[in-house]
Amino acid sequence: MKDSKEKMTARAAAVSPSAFPSGFVWGVAAAAAQVEGAAEEEGKGLSIWDVFAKRPGAVHNGDTPAVACDHYHRFRQDFDLMAAFGMKNYRLSIAWPRIMPDGVGSVNRRGLDFYHRLIDAVLERGITPWVTMFHWDLPQALEARGGWPMRLVADTFADYADEIVKAYGDRVKHWITLNEIEVFLDNGYGSGRHAPGRKEPAGVVNQAFHHALLCHGHGVRAVRQHGGAGARVGLTDNSTVAIPLAETPEDIAAAKRHFVGSKNCRILEPIYRGGYGPDYLAFTSGWLPQIAPGDFELIAQPTDFLGMNIYSGTCVRQGPGGKPQVVPYPGHYPTADSPWLRLNPRGLYWGPREAAEVYGVKEVVITENGAGYDDAPPVDGEVLDLHRLDYLRACLRELRRGIADGNRVSGYFAWSFMDNFEWADGYDRRFGLVYNDFKTQVRTPKASAHWYSRVIRGNALV
Ligand code: FCB
């Protein structure tokens, strides 16, 4: 009786508009510097975030990533919890300064061993690791030599990527080269809001972008050379998603034009079109970085998917003269406590569609989506984050609508498994499905974790 009931539910899910395609990848995401802590243990070199966070006023409340979620020492329990909630995939990142404390040269064996243990522990619980090679924690030793504006960073990244793919490629088959180039460079070297906190002229920042694109190319090359059978690789980008205000043909065309003409062209044009073309030149006022022979062959190698981090979107309509016009964010729309986060679930529909229609992207993985709130501590063991749950559900509904319309999206990762070090916003801005008490390191799954677990188990919206 029980069996047949389950079968009936499964059959209903297969045809229901809330069901996801079979084999859809469900996961949660995190990054080394945000969860690990152990900032100076077992031979790890300092990262630019370790140093930046100590600067007075740099990070909210003077918080630092020194301890974070202490995941470095608690990863087994954390993975037990992930497995208990039915998580199937975990997107983690490797801390470059753990592997190469001096940025260049010798490899720290204890750092390499840590990720051997970590990856094994993930796999032992039936969870598939998705590994990001770089999620913002540049070795301080490289910053001391000039940081991202120096081409040296790309050369050393090539060695680092080779090391980690050779070390873990037998077990890791899903690789992400870099996370959100635009955010760590515009904030790190432009506005100075992120590590290393520099304010450089636009030309210097553009040169840094070129070097990051080279790193992406080296990451792809390393996976092709050493990744073994079945290895897949892509970039994670935080493309600006242009949301057509009225979803009329006119507004849709304007939104697509905005998708190309906005900052996305700095990353997606060189990767998908193999050069700095008219959109890039228009966006950067004709300024070109220094380019060496062979750079675009490296940068534009074919990848297997585009990782998109989608939290929001920009509303666009056809304006005067047929030009795209950005529409101010409607004041009554729901907001999150993160000041940069203007919630708009329709980004999950339009982002993958624009990437496909504009740049010919054949497969998208949503590598991050979530909402930051200042959740109150648990009461009677519960955190009722219904605002987050509602928002995530709305996002998944839009993602599902896109898939029904032909968007090729193969996976979705919620940001984040647990509350963690939210960069310059410190520990107050919580994105986790699991509440973390940073004093006691006690983890409490929130309502959103219970809900997401049911979505994953049913492969359908509940
Ligand atoms: C993204 C970052 C991620 C996290 C979320 C909230 O931009 O990639 O590390 O901070 O925002």
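Where is A38 found? In this predicted model, A38 is found in the loop between α2 (32–35) and α3 (48–52). The legends below begin with the ligand site and return to A38 under backbone geometry.

**Figure 1. Surroundings of the ligand, with Q34, H135, N179, E180 and E422 among the 13 residues around the ligand.**
Those five residues come nearest to the ligand. Three side chains are shown with their distances to ligand oxygen atoms. An N or O atom in the side chain of E180 lies 2.6 Å from an oxygen atom of the ligand. For the side chain of Q34, the corresponding distance from an N or O atom to a ligand oxygen atom is 2.8 Å. For the side chain of N179, the distance from an N or O atom to an oxygen atom of the ligand is 2.9 Å. The protein buries 96% of the 290 Å² that the ligand exposes when taken alone. Grouped by class, the shell around the ligand consists of six nonpolar, four polar and three charged residues.

**Figure 2. N89 in strand β2 and the residues that N89 touches.**
Strand β2 spans residues 89–93 and includes N89. Is N89 buried or exposed? N89 counts as buried because its relative accessibility is 8%, and the cut-off for buried is under 20%. The side chain of N89 makes a polar contact of 3.0 Å with the side chain of W130. When residues up to four places away in sequence are not counted, N89 touches V25, W26, G27, V28, I127, T128, W130 and F413. W130 is thus both the partner in the polar contact and one of the residues touched by N89.

**Figure 3. E143 in helix α7 and the polar contacts of its side chain with Y189 and R198.**
Helix α7 covers residues 140–143, and E143 lies within this helix. The relative accessibility of E143 is 11%, so this residue counts as buried. Which side chains are joined to that of E143 by a polar contact? One contact, of 2.6 Å, joins the side chains of E143 and Y189. Another, of 2.8 Å, joins the side chains of E143 and R198. Leaving aside neighbours within four places in sequence, E143 is in contact with I48, L138, W148, Y189, P196 and R198. P196, one of these residues, appears again in Figure 5 for its peptide bond.

**Figure 4. V220 in helix α10, and the cysteines C215 and C265.**
V220 lies in helix α10, which comprises residues 202–226. With a relative accessibility of 1%, V220 counts as buried. V220 and Q301 are separated by 81 residues in sequence, while their C-alpha atoms are 7.3 Å apart in space. Apart from neighbours within four places in sequence, the residues in contact with V220 are T177, V233, Q301, P302 and T303.

How many disulfides does a search of the whole structure find? The search finds zero. A disulfide is a covalent bond between the sulfur atoms of two cysteines. The sulfur of C215 has its closest cysteine sulfur in C265, at 20 Å, which is too far for a bond. C265 likewise is in no disulfide, its nearest cysteine sulfur being that of C215, 20 Å away. C215 is buried, with a relative accessible area of 0%. C265 also counts as buried, at 0% relative accessibility.

**Figure 5. Backbone geometry at P196, S416, A38 and Q441.**
The peptide bond from A195 to P196 is cis, with omega near 5°. P196 is found in the loop between α9 (181–191) and α10. A cis peptide bond also joins W415 and S416, where omega is about 10°. S416 is placed in the loop between β11 (409–415) and β12 (434–437).

The remaining views concern phi. A38 is not a glycine, yet A38 has a positive phi of about 45°. At 6% relative accessibility, A38 counts as buried. Q441, a residue other than glycine, has a positive phi near 60°. The place of Q441 is in the loop between β12 and β13 (442–445). Q441 counts as buried because its relative accessibility is 8%.

How values were computed. Residues numbered from 1 in each chain as written. Predicted model: local features only at pLDDT ≥ 70, side-chain atom pairs only at ≥ 80, totals over all residues. Heavy atoms only, no water. Helix = DSSP H or I, 4+ residues; strand = E, 2+ residues; numbered from the N terminus. Buried < 20%, exposed > 50% of the residue type's maximum accessible area, 1.4 Å probe, protein only. Polar contact = N/O pair within 3.5 Å; in protein donor to acceptor, adjacent residues only side chain to side chain. Contact = heavy atoms within 4.5 Å. Near = heavy atom within 4 Å. Areas by Shrake-Rupley, 256 points an atom, 1.4 Å probe, with all protein chains shown as cover. Nonpolar A, V, L, I, M, F, W, Y, C, P; charged D, E, K, R; others polar. Disulfide = S-S within 2.5 Å.
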